[in-house]
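Good morning. Please have a look at the model on the screen before I start.

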Protein chains: 4
Amino acid sequence: MPKKMPLYVEGFNPFGDLIGLAFTRVEKGCSQCMLEVNAKLLNPHRALHGGVTYTMADTGMGAALLSCIDDDELCSTIEIKIVYFKAVVSGTLTCDTKVIHKSKRIATLESEIKHEGRLVAKALGTWSIYQEKRD
Amino acid sequence: MPKKMPLYVEGFNPFGDLIGLAFTRVEKGCSQCMLEVNAKLLNPHRALHGGVTYTMADTGMGAALLSCIDDDELCSTIEIKIVYFKAVVSGTLTCDTKVIHKSKRIATLESEIKHEGRLVAKALGTWSIYQEKRD
Amino acid sequence: MPKKMPLYVEGFNPFGDLIGLAFTRVEKGCSQCMLEVNAKLLNPHRALHGGVTYTMADTGMGAALLSCIDDDELCSTIEIKIVYFKAVVSGTLTCDTKVIHKSKRIATLESEIKHEGRLVAKALGTWSIYQEKRD
Amino acid sequence: MPKKMPLYVEGFNPFGDLIGLAFTRVEKGCSQCMLEVNAKLLNPHRALHGGVTYTMADTGMGAALLSCIDDDELCSTIEIKIVYFKAVVSGTLTCDTKVIHKSKRIATLESEIKHEGRLVAKALGTWSIYQEKRD
């Protein structure tokens, strides 16, 4: 996995591609990604499925953390809590993520997901940082 | 939205369909859904994206809660915390969900996601229950 | 319970008194409380017990939310997630809390707990808002 | 800190003593602790303060994890989410905790807090495991 990843690499993140996730900024422990709501991403209420919003946060956290760990380190999600404020049925979502604390092995990140400037969800997650070759 | 939903209705849950989510049981505050890992669902580590696992839990919670609320009630996710124990790269995941507490307006549910009988993730979520016509 | 509570009322919050919690600001959906570490509040590692830090966040959230709900409404904690960044062994902790979203029945709040200006813990919680006489 | 800790040692856990927390079982990744509600532990609603319930879970997790890590290892809370189902105003609370997953450096635990046999709160937490001498 390239550590200095460009904003988009074809096939780098298959599930991100499937839902149409696009990064617009990744640097210094921060990231921003965007997504256009479409019919395939809806839940039974005809609103954006919460799993899509969650995936923005989870992926945004990975990108933000990857931008500030060492070249021989990798990271993965330990746990994330996400809270939803408002259903979204169309338009564009933006997810801004930042590292709020980082020690050698553990980092905490938070993501704010907005729809037309309005906060629609927030996530707080814990990540593990480890050496690339663990075994 | 039909309250006594059958295990599968074409187009009922578009995002569930996109990721290949299938319910095998929904009754009395419990649900079970399954998913086959495929190349489109992977993350940059070439493991199943955590957003897919989360979507199993979120959707499983919705189905479980829907099975035990009144006919004129609906429900939606307030917040979910999910914790991951092991990366999954192929095979079938099973997500078992149950309502662990329900009051008039709030319910708490938990999901266990297993891969070949082994616990790979667990989620604990809070849901809102409300009358069908909110406005 | 008086809705326009002053910053301190003898006996208003017995457990807050037991741990020495003092509010320095409560208004418009925000609160600030402080606490001096003392020997009775330590854990087996001789650091401040995480339950004390949590109590600052939980109590701070209650005060912040109470300041912005109607006179005939009350509130109580549904769930809180707290994450710790650094152990504290002495000195003064400050907990700043704010409502980040509020609907009619549900509110989300976050607390930042600092020690000498440094973030040592963060909490994200969900609260229920209800009419004073529910039955 | 003694690794094979007996169920009670005077002064071992000052904050646990302050709230009257007593362990009745600690072994093989499980623990059980109890607490009698008293006037000093109440919140402004005259119910048990949520910080006390949380402290049972946090302390119970520490004891359960300590019982199954190596002699030269220590552990500390990374994060805990607790959800409340019912207010408690008097009587005895019991908190049962178990390790639900443990890797070399990270463990996940859950606690169920009951009042007269009824589930009143549940917690899901992440802990860090590390060598005793970190510096």
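I will go through the symmetry, the sheet, the helices and then a few single residues.

This is a predicted model, in which local features need pLDDT of at least 70, side-chain atom pairs count only at pLDDT 80 or more, and totals for chains, interfaces and linings use all residues. Residues are numbered from 1 along each chain as its sequence is written, chains are lettered from A and ligands numbered from 1 in the order in which they are written, and side-chain values use heavy atoms, with hydrogens and water left out.

Symmetry comes first. A turn of 180 degrees and a shift of 0.0 Å along the axis lay chain A on chain B with an RMSD of 0.0 Å, where copies are superposed by least squares on the C-alpha atoms of residues with pLDDT of at least 70 in both. The two copies are thus related as by a two-fold rotation axis. Which residue of chain A comes closest to that axis? It is Lys81(A), with its C-alpha at 2.0 Å.

Now the sheet. Helices (H or I, at least four residues) and strands (E, at least two) are DSSP runs, numbered from the N terminus; two strands pair if DSSP finds at least two bridges between them. Twelve strands form an open, antiparallel sheet, in the order β1(A)-β2(A)-β4(A)-β5(A)-β6(A)-β3(A)-β3(B)-β6(B)-β5(B)-β4(B)-β2(B)-β1(B). At the edges stand β1 of chain A and β1 of chain B, each with a single partner strand, so one side of each has no neighbour in the sheet. β1(A) pairs with β2(A) over five bridges in the antiparallel sense, and Glu27(A) has Cys30(A) in β2(A) as its bridge partner.

On to helix α2 of chain C, residues 50-66. Buried means under 20% relative accessible area, exposed over 50%, partly exposed in between (1.4 Å probe, protein chains only). By that rule 17 of the 17 residues of α2(C) are buried, so this helix is largely enclosed by the rest of the structure.

Next, a residue in chain D. Thr108(D) lies in strand β5, residues 106-115, and is buried at 3% relative accessibility. Leaving aside neighbours within four places in sequence, its contacts (heavy atoms within 4.5 Å) include Val83(B) and Phe85(B), as well as Leu124(D).

Last, the cysteines. How many disulfides does the structure hold? Zero over all chains, a disulfide being a pair of cysteine sulfur atoms within 2.5 Å. For Cys95(C), the nearest cysteine sulfur is that of Cys33(C), 4.4 Å away. Cys95(C) is buried, with a relative accessible area of 0%.
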